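Here is a short report on strand pairing, one buried side chain and one pocket. The structure comes first.

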Amino acid sequence: MSAKPSGVLPDQALEAAFEAGWIRAGRALEPGQIQPASLDLRLGRKVWRLRASFLPGPGRTVADRLGDNIVMHALDLDDGAVLETGCVYLAELEESLELPADLTAAANPKSSTGRLDVFTRVIGDGSTAFDQLPAGYKGPLYVEISPRTFSVLARPGDRLTQLRLRRGEHAPLRSITLSVDVLNGGGPAGWRARRHSPLVDLSGVGAHEAARFWEPLYAEDGRIVLDPGEFYILASREAVSVPVDEAAEMAPVALEIGEFRAHYAGFFDPGFGVAEAGGAGSRAVLEVRGRDVPFILDHGQAVARLVYEPMAGGVRQPYGAAGSNYQAQGLKLSKHFKS
């Protein structure tokens with residue numbers, strides 16, 4: 001018998017995984033929840049406000065740790081609940097896993113989540129690392145949520161994070177370096193988030209006036225200055241494309257550059273930026289937070305890497321083929337804001 005192909009599981013394999021019980025949920029999957037190379041995870045009902053972030057560690061469940069004087073209070077999302085800026089929450093997810101021994105899982109914030117400056121990380125029972133579930137993992141899933149700039153209104157079923165299943169070792173095919181575009185054809189170099197903005201409703205697609213949350217940022221002499229603790233939306237100078245038989249993930253260009261973080265949401269699906277799927281000219285949007293000291297970004301300065309890896313099979317529908325919020329994007333805010 002031939003070995004099963006290694007790589008990231010495509011959409012049709014994710015559907016089969018749900019039918020086989022490797023992915024479990026209390027109710028049926030929703031339209032659009034399965035992406036070309038990932039599964040959107042849905043918030044459940046229960047949320048806990050935490051004193052601090054934590055990992056359960058080997059041999060301990062998340063439920064065990066919630067009794068360790070970590071929880072400040074509990075919330076029920078049924079009627080909606082506000083998750084406030086600067087606080088750390090843990091939410092149960094509707095999906096759980098019962099993976100076979102040859103599959104691992106990795107999580108990442110959805111693109112819209114990253115562009116709202118909502119920091120998320122997935123954990124499971126026994127986790128020793130965030131956003132990583134080991135081969136054969138069986139158990140519930142939870143997501144840590146920390147809004148950094150905008151407080152958000154959350155409800156059951158909201159999708160903040162996504163999961164990839166992978167067979168075999170993570171085997172990068174190649175990587176490309178992305179640089180920042182601060183000229184943008186004479187338009188804004190980017191957007192800087194306004195402090196003390198109104199609430200963002202996570203289900204409110206196209207429902208928010210951008211000017212109440214963002215201010216345009218313009219370059220002077222081909223450069224911008226990142227202020228410590230401020231959040232920016234910028235775009236890559238390069239057009240990006242991901243072939244339909246590959247997946248990609250954004251990574252830091254160099255860990256030793258510690259003055260800014262250039263991305264929160266890193267998954268790029270097969271077909272992103274591909275002309276045949278309507279994506280010609282797509283740029284990578286960069287979710288940037290300044291750290292520690294003011295830092296100058298020059299036009300064309302390297303800020304991130306895009307790492308490509310193989311798919312473990314063909315996708316039924318490439319990214320953008322049935323419409324998307326971010327195909328053919330330039331400098332674009334999250335889908336929650338009016339164009």
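Valine 82 stands opposite leucine 153 in S11. This is a predicted model. Strand S5 (81-83) and strand S11 (residues 152-154) are joined by 3 bridges and run antiparallel. Both belong to an open sheet of 3 strands, ordered S5-S11-S15, with mixed pairing. Strand S5 (81-83) and strand S15 (200-201) are the edge strands, each pairing on one side only. In general, strands of a sheet pair through backbone hydrogen bonds, either parallel or antiparallel.

**Strand S3 and its partners**

Strand S3 covers residues 39-50. The strand is mostly covered, with 10 of its 12 residues buried. Its pairings with S12, S6 and S4 are set out below.

| Partner of S3 | Bridges | Direction | Example pair |
|---|---|---|---|
| S12 (159-167) | 4 bridges | antiparallel | leucine 41 and threonine 161 |
| S6 (residues 88-98) | 5 bridges | antiparallel | valine 47 and alanine 91 |
| S4 (residues 71-76) | 5 bridges | antiparallel | tryptophan 48 and alanine 74 |

**Arginine 42**

Is arginine 42 buried or exposed? Its relative accessibility is 0%, so arginine 42 counts as buried; the cut-off is under 20%. Arginine 42 lies in S3. What does its side chain reach? One contact goes to the backbone oxygen of alanine 28, at 2.9 Å. Another goes to the backbone oxygen of arginine 27, at 3.4 Å.

**The largest pocket**

The largest pocket has a volume of about 1,000 Å³. Its lining holds 49 residues. Nearest its centre lie Gly32, Gln35, Asp40, Lys110 and Tyr319. By class, the lining has 19 nonpolar, 18 polar and 12 charged residues.

Which elements supply the lining? Helix H1 (11-20), helix H3 (111-115), strand S12 (159-167), strand S21 (267-268) and strand S22 (283-290) each give at least two residues. H3 provides the largest share, 4 residues. S12 also pairs with S3, through 4 bridges.

Where does the pocket sit relative to the domains? Domain 1 (7-167) and domain 2 (174-310) both contribute residues to the lining, so the largest pocket lies between them.

Key: Residues are numbered from 1 along each chain as its sequence is written. This is a predicted model: local features need pLDDT of at least 70, side-chain atom pairs count only at pLDDT 80 or more; totals for chains, interfaces and linings use all residues. Side-chain values use heavy atoms; hydrogens and water are left out. On a 1 Å grid over the protein atoms alone, a cavity is a set of points where a 1.4 Å probe fits but cannot get out, and a pocket is an open set with protein on both sides within 12 Å along at least five of seven lines; lining residues have an atom within 4 Å of a point. Grid points are joined across faces, edges and corners, and a volume is the space filled by probe spheres set on the points. Ala, Val, Leu, Ile, Met, Phe, Trp, Tyr, Cys and Pro count as nonpolar, Asp, Glu, Lys and Arg as charged, and the others, Gly among them, as polar. Domain bounds come from an automatic or database domain assignment. Two strands pair if DSSP finds at least two bridges between them. Buried means under 20% relative accessible area, exposed over 50%, partly exposed in between (1.4 Å probe, protein chains only). A polar contact is a pair of N or O atoms within 3.5 Å; within protein, one must be able to donate a hydrogen and the other to accept it, and residues adjacent in sequence count only if both atoms are side-chain atoms.
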